[in-house]
Amino acid sequence: MAITLPDEADEWIQAWQDELNASDAYSDAGSGWGEGFDGSFLFHIRPDGEYDGEDVYLYVDLEDGECTAAERVAGEDAVEWGFAYRGDYADWKALVHGELGAIDGLMSGKFDLDGDMQKVLQYSEAAIVMTENAAAVDTEFAH
């Protein structure tokens with residue numbers, strides 16, 4: 001049964017954590033990520049012309065190929081994060097449906113990143129696998 005974003009964001013982020021932790025490809029690609037630096041991500045889904053609701057913030061803590069925490073949070077100041085990845089609702093839709101890659105989204109300007117871009121590019125394979133795992137979650141968008 002599909003999980004609806006943004007309405008069921010709590011369930012969706014948990015399902016994504018399960019996908020990541022079940023993925024040998026993510027375990028391999030993310031090996032070393034977050035060791036010696038804060039590898040956690042805040043994902044920010046911004047309202048746009050398609051979705052005029054509230055901002056959605058999802059947090060994942062990633063370390064050495066494992067997702068150790070995943071939750072919906074109240075805002076940017078609700079948790080300590082090492083990286084923030086922000087984009088409009090329609091672009092998140094494309095990302096989750098596998099129509100847009102995480103790195104391509106950054107390079108095209110559809111998404112913004114706060115954090116060490118060099119580190120993200122160094123682990124670009126992990127970003128690709130993370131996006132594939134997000135696409136594996138049976139997701140329906142409310143708008």
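A search of the whole structure, which is a predicted model, finds 5 salt bridges. Several of these pairs involve the strands β2, β5 and β6, and they are set out below, followed by the pairing of β2, β3 and β4 and by helix α6.

**Salt bridges around Arg46**

- Arg46 forms a salt bridge with Asp112, and the closest N and O atoms of this pair are 3.1 Å apart.
- Because Arg46 lies in strand β2 and Asp112 in strand β6 (residues 111-114), the pair ties together parts that are 66 residues apart in sequence.
- Arg46 counts as partly exposed because its relative accessibility is 22%, and Asp112, with a relative accessible area of 37%, is partly exposed.
- Arg46 and Asp112 also belong, together with Asp88, to a network of linked salt bridges.

**Salt bridges around Arg86**

- Arg86 forms a salt bridge with Glu76, in which the closest N and O atoms are 2.9 Å apart.
- Glu76 lies in the loop between β4 and β5 (83-88), whereas Arg86 lies in strand β5, so this pair ties together parts that are 10 residues apart in sequence.
- Arg86 forms a salt bridge with Asp114 as well, with the closest N and O atoms 2.7 Å apart.
- This second pair links distant parts of the chain, since Arg86 is in strand β5 and Asp114 in strand β6, 28 residues apart.
- Arg86 counts as buried, because its relative accessibility of 10% falls under the 20% cut-off.
- Glu76, at 26% relative accessibility, counts as partly exposed, and Asp114 is partly exposed with a relative accessible area of 36%.

**Strands β2, β3 and β4**

- Strand β3 (residues 56-63) pairs in the antiparallel sense with strand β2 (residues 41-46) over 5 bridges, and with strand β4 (residues 66-73), again in the antiparallel sense, over 7 bridges.
- Tyr57 of β3 is the bridge partner of His44, and Tyr57 has Val73 as its bridge partner in β4.
- The hairpin of β3 and β4 has 2 residues between the strands, and in this hairpin Asp64 takes a positive phi near 50°.
- Strand β3 is mostly covered, with 6 of its 8 residues buried.

**Helix α6**

- Helix α6 (residues 124-136) has 13 residues and, at 1.5 Å a residue, should span 18 Å, which agrees with the 19 Å between its end C-alpha atoms.
- The buried residues in α6 include Ala126, Ala127, Val129, Met130, Thr131, Asn133 and Ala134.
- In an α-helix there are 3.6 residues a turn, so residues three or four places apart point the same way.

How values were computed. Residues are numbered from 1 along each chain as its sequence is written. This is a predicted model: local features need pLDDT of at least 70, side-chain atom pairs count only at pLDDT 80 or more; totals for chains, interfaces and linings use all residues. Side-chain values use heavy atoms; hydrogens and water are left out. Helices (H or I, at least four residues) and strands (E, at least two) are DSSP runs, numbered from the N terminus. The expected span of a helix is 1.5 Å times one less than its number of residues. Buried means under 20% relative accessible area, exposed over 50%, partly exposed in between (1.4 Å probe, protein chains only). Two strands pair if DSSP finds at least two bridges between them. A salt bridge is a side-chain nitrogen of Lys or Arg within 4 Å of a carboxyl oxygen of Asp or Glu.
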